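Work through the three exercises below with the structure in view. Try each task before you read its solution.

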Amino acid sequence: NNFPEILFLSNHGVVIGANNLNEVLYKINLVSDRLKVQTNNKSKGDLFKLKNICKNTSYKPSRFNRAHNIAFDTRSIEIAISGSMYPDHVVFLGTKTLTAESNEEILKISKANYLMKLPLIIVPNCGIIIPRDTSHEAEEMVLALSLIIGKIPKDRVINYLTDKEEAELVNWKEEHYRMRLNNVQ
């Protein structure tokens with residue numbers, strides 16, 4: 001039996017093989033412990049300001065306090081707006097993450113994207129806002145994005161998905177079918 005028990009898939013995740021559930025849980029904890037990185041970012045979003053910025057728009061603040069961490073670190077913002085790191089980001093959150101600092105900017109973004117999925121928006125030093133119709137699953141992906149970005153070591157080069165890979169995901173029939181089953185669209 002010379003098969004690997006733990007596989008890391010670039011831009012996707014980890015696959016863990018074992019003979020039973022206890023072995024899987026042990027290996028998950030082992031991998032998690034070895035990859036543990038101390039995160040410095042423990043800021044809470046400014047919900048009062050976020051709610052004011054979102055007035056009369058199609059946006060609302062993320063309900064996850066830890067999701068707002070991205071907005072309080074310039075490197076984290078740069079990582080988030082530079083591209084998609086994994087397929088579920090594209091599927092649940094779309095291909096763009098933008099920054100905005102005012103209600104007027106958010107209204108412009110909404111108008112420019114009215115035929116497409118509205119992007120995730122980072123309000124620097126304030127928090128994260130999401131489209132009002134964001135599903136529970138997609139909002140959990142916002143939290144996941146924040147947690148992932150918070151653990152990327154400072155000296156790492158990030159391998160973003162290409163435009164072609166993003167387009168394939170957005171137009172993939174099977175993904176549309178899965179999203180309909182999960183009532184995500």
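**Exercise 1.** Which residue in β2 does Ile6 stand opposite, and in what sense do β1 and β2 pair?

Solution. The model is predicted.
- Step 1: find Ile6, then look across to β2; Ile16 stands opposite.
- Step 2: follow the pairing of the two strands. β1 and β2 run antiparallel, with 4 bridges.
- Step 3: go to the turn. The hairpin of β1 and β2 has 3 residues between the strands, and Asn11 takes a positive phi near 55° there.

**Exercise 2.** Is Ser76 buried or exposed? Place it in the fold and find its contacts.

Solution.
- Step 1: locate Ser76. It sits in helix α3, residues 74–81.
- Step 2: check its accessibility. Its relative accessible area is 7%; buried means under 20%, so Ser76 is buried.
- Step 3: look at the side chain. Ser76 and Asp73 are joined through their side chains by a polar contact of 2.8 Å.
- Step 4: compare sequence with space. Gly150 is 74 residues from Ser76 in sequence, yet their C-alpha atoms are 7.1 Å apart.

**Exercise 3.** What lines the largest pocket?

Solution.
- Step 1: take the volume, about 1,000 Å³ for the largest pocket.
- Step 2: find the centre. The lining has 26 residues, and the closest to the centre are Phe8, Gly13, Leu35, Ile148 and Ile152.
- Step 3: name the elements. Those giving two or more residues to the lining are β1, β2, α1, α4 and α6.
- Step 4: sort the lining residues by type. There are 16 nonpolar, 6 polar and 4 charged.

Conventions. Residues are numbered from 1 along each chain as its sequence is written. This is a predicted model: local features need pLDDT of at least 70, side-chain atom pairs count only at pLDDT 80 or more; totals for chains, interfaces and linings use all residues. Side-chain values use heavy atoms; hydrogens and water are left out. On a 1 Å grid over the protein atoms alone, a cavity is a set of points where a 1.4 Å probe fits but cannot get out, and a pocket is an open set with protein on both sides within 12 Å along at least five of seven lines; lining residues have an atom within 4 Å of a point. Grid points are joined across faces, edges and corners, and a volume is the space filled by probe spheres set on the points. Ala, Val, Leu, Ile, Met, Phe, Trp, Tyr, Cys and Pro count as nonpolar, Asp, Glu, Lys and Arg as charged, and the others, Gly among them, as polar. Buried means under 20% relative accessible area, exposed over 50%, partly exposed in between (1.4 Å probe, protein chains only). A polar contact is a pair of N or O atoms within 3.5 Å; within protein, one must be able to donate a hydrogen and the other to accept it, and residues adjacent in sequence count only if both atoms are side-chain atoms. Two strands pair if DSSP finds at least two bridges between them.
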